[in-house]
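Work through the exercises below with the sequence and the structure open. Each task is followed by a solution in steps.

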Amino acid sequence: MEKLLEMKEICKSFGTNNVLKNVQFDLFAGEVHALIGENGAGKSTLMKILMGMYKKDSGSLSVLGSDEAYTNPDQALKAGVAMIHQELNPIPDMSVAENIFLGKEKRKWIFTSKKEQEKESKRYLDMLGIDLEPSVLMRELSVSEMQMVEIAKALSYGARIIIMDEPTSAITEAEVEKLFQNIKMLKEQGTGIIYISHKMDELFEISDRITVLRDGQYVFSKKTKDLCPNDLIKAMVGREITEIYPESKSKIGEVILKVKHASRKGEFKKIDFELRKGEKLGIAGLMGAGRTELMMAVFGAAKLEEGEIEIGGVPVRIQSPKDAIRQKIALVTEDRKRYGLNLTASVEDNAVSVIESSLSKFGFYRRKLGRKAAEEMISRMNTKVTGMDQIVGSLSGGNMQKVVLSKWLLNDPDIIIFDEPTRGIDVGAKAEIYKIIEELACKGKGIIIISSEMPELIGLSQRIIVLHEGEQTGELRGKEMTQENIMTLASGYRKEEKE
Ligand SMILES: Nc1ncnc2c1ncn2[C@@H]1O[C@H](COP(=O)(O)OP(=O)(O)OP(=O)(O)O)[C@@H](O)[C@H]1O
Ligand SMILES: [Mg+2]
């Protein structure tokens, strides 16, 4: 089999932070080679070196027959190496087609031919089974749609090597299925795929080989068929993890949040639910079911057009996130770039951003108090940072997510909405976050969880309400909470109809 890539003894440091230490990695044509490891292990960094985004300090590299490293991603892309990034940075005012053709615009004389680009974009989108108009602006897209557009873009370049850095972290099961079909098609055409993911079941379904990194060091490369999930967990974390989901011990108390007849045109309709103290309520649904939109409205980030919200039995008006924060509601958001973090600010500044005003006295922010609180929370989450002054934008994806969690938990909220709380988080840290959620419930907090990962939703929730196209199609409790039941309701069958 043809070897597309060989990386040997790669070292890379950022300042005093030695991120990669003699790492090796290779790739054959027609192969899916998974690259795994804990948050901050160095996976994305290794791939950014391949893409010419970072310069290696030492080591050798041979890619598509050349020993020269690329010096920028454009060069890599033109040579046939594409990367679908973990943290997407689309240009909001660009259309889907413009994004796909960025850097290789179709021209008629000197004008870019919009029509032709859109036509061809449509072809790639269709190939991926994505129902999206090429003329739509990127800003209109959800995270999952953006991710699919990125995949279409890689296809359009006819890449020989495609790096997928957590491509499924924000897409639904149906979309994952489509993606996997496409990966199989690409394999048959001899494309090599480097697949980074924290999702065990996916690795076993799609990869031929797996390489594990731990703390910037190479652990092993083995054929997937010779491995089991426990081998991987041990190799990544250095220890075994037995209990992923903690036993639910929280006591359920009085109603803390009541949402009555909540509606927002085109998003959700007449939603009614209650949340009690100490309760963990799951919200299920397919992409576009209105889960996030509903929670954004509860949080005041979108306007509730109809309906009422009661907190502790008292009707309240929540017209902005500020109102929600005052009511001790927290929204740990799925889209950490858009609503979660200031990427150019430090870990500390981000962590204290919600509590800043409550830590101020006579108009002065008490920095020492803030730093101490932030430090405690950041270390409790096992966040991998070089210090409180590290710029959040330079953290690994999973560690950014932990900063989002820290920021909200510092405010000691009563109601916590987790929207895809473990997106991009490694297994060890996932177990850690589940433990924290359980602890919060035991303290009497009301917890709402939105998750596209069924096992997570079922493992954490005591009750699940299911939405389909903005309408509530049912509620499941205890033993009724099975993947099958959730899927049935999520695809629009109501409980009554089923019986
Ligand atoms: N531009 C940068 N400047 C400084 N440090 C960086 C930069 N990019 C990455 N790092 C550091 O390198 C380490 C490895 O990060 P990397 O993003 O490669 O991890 P990862 O394995 O992809 O993790 P995750 O699963 O969370 O995505 C982290 O400690 C991170 O803070
Ligand atoms: Mg990464």
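**Exercise 1: a covered helix**

In this predicted model, helix 5 is mostly covered, with 13 of its 14 residues buried. Compare the expected span of helix 5 with the distance between its end C-alpha atoms.

Solution. Helix 5 covers residues 143–156, a run of 14 residues. The expected span is 1.5 Å times one less than the number of residues. For helix 5 this should give 20 Å, and the end C-alpha atoms are 20 Å apart, so the two agree. Just after helix 5, Gly158 has a positive phi of about 60°.

**Exercise 2: contacts of ligand 1**

Identify the residues that come nearest to ligand 1, and the atoms that pair with its oxygen atoms.

Solution. The shell holds 21 residues, and Gly40, Lys43, Thr45, Ser396 and Gly398 come nearest. Next, take the pairs one by one. The side chain of Thr45 places an N or O atom 2.5 Å from a ligand oxygen. For the side chain of Ser396 the corresponding distance is 2.7 Å. Gly40 contributes a backbone N or O atom, 2.8 Å from an oxygen atom of ligand 1. Finally, ligand 1 taken alone exposes 630 Å², of which the protein buries 89%.

**Exercise 3: origin of the shell**

Which elements supply at least two residues each to the shell around ligand 1, and why does the ligand lie between two domains?

Solution. The elements are strand 2 (17–28), helix 1 (43–50) and helix 14 (397–409). Helix 1 gives the largest share, 3 residues. By class, the shell has 13 polar, 5 nonpolar and 3 charged residues. Domain 1 (3–90 + 141–237) and domain 2 (255–498) both give residues to this shell, so ligand 1 lies between them.

How values were computed. Residues numbered from 1 in each chain as written. Chains lettered and ligands numbered in written order. Predicted model: local features only at pLDDT ≥ 70, side-chain atom pairs only at ≥ 80, totals over all residues. Heavy atoms only, no water. Near = heavy atom within 4 Å. Polar contact = N/O pair within 3.5 Å; in protein donor to acceptor, adjacent residues only side chain to side chain. Areas by Shrake-Rupley, 256 points an atom, 1.4 Å probe, with all protein chains shown as cover. Helix = DSSP H or I, 4+ residues; strand = E, 2+ residues; numbered from the N terminus. Nonpolar A, V, L, I, M, F, W, Y, C, P; charged D, E, K, R; others polar. Domains from an automatic or database assignment. Buried < 20%, exposed > 50% of the residue type's maximum accessible area, 1.4 Å probe, protein only.
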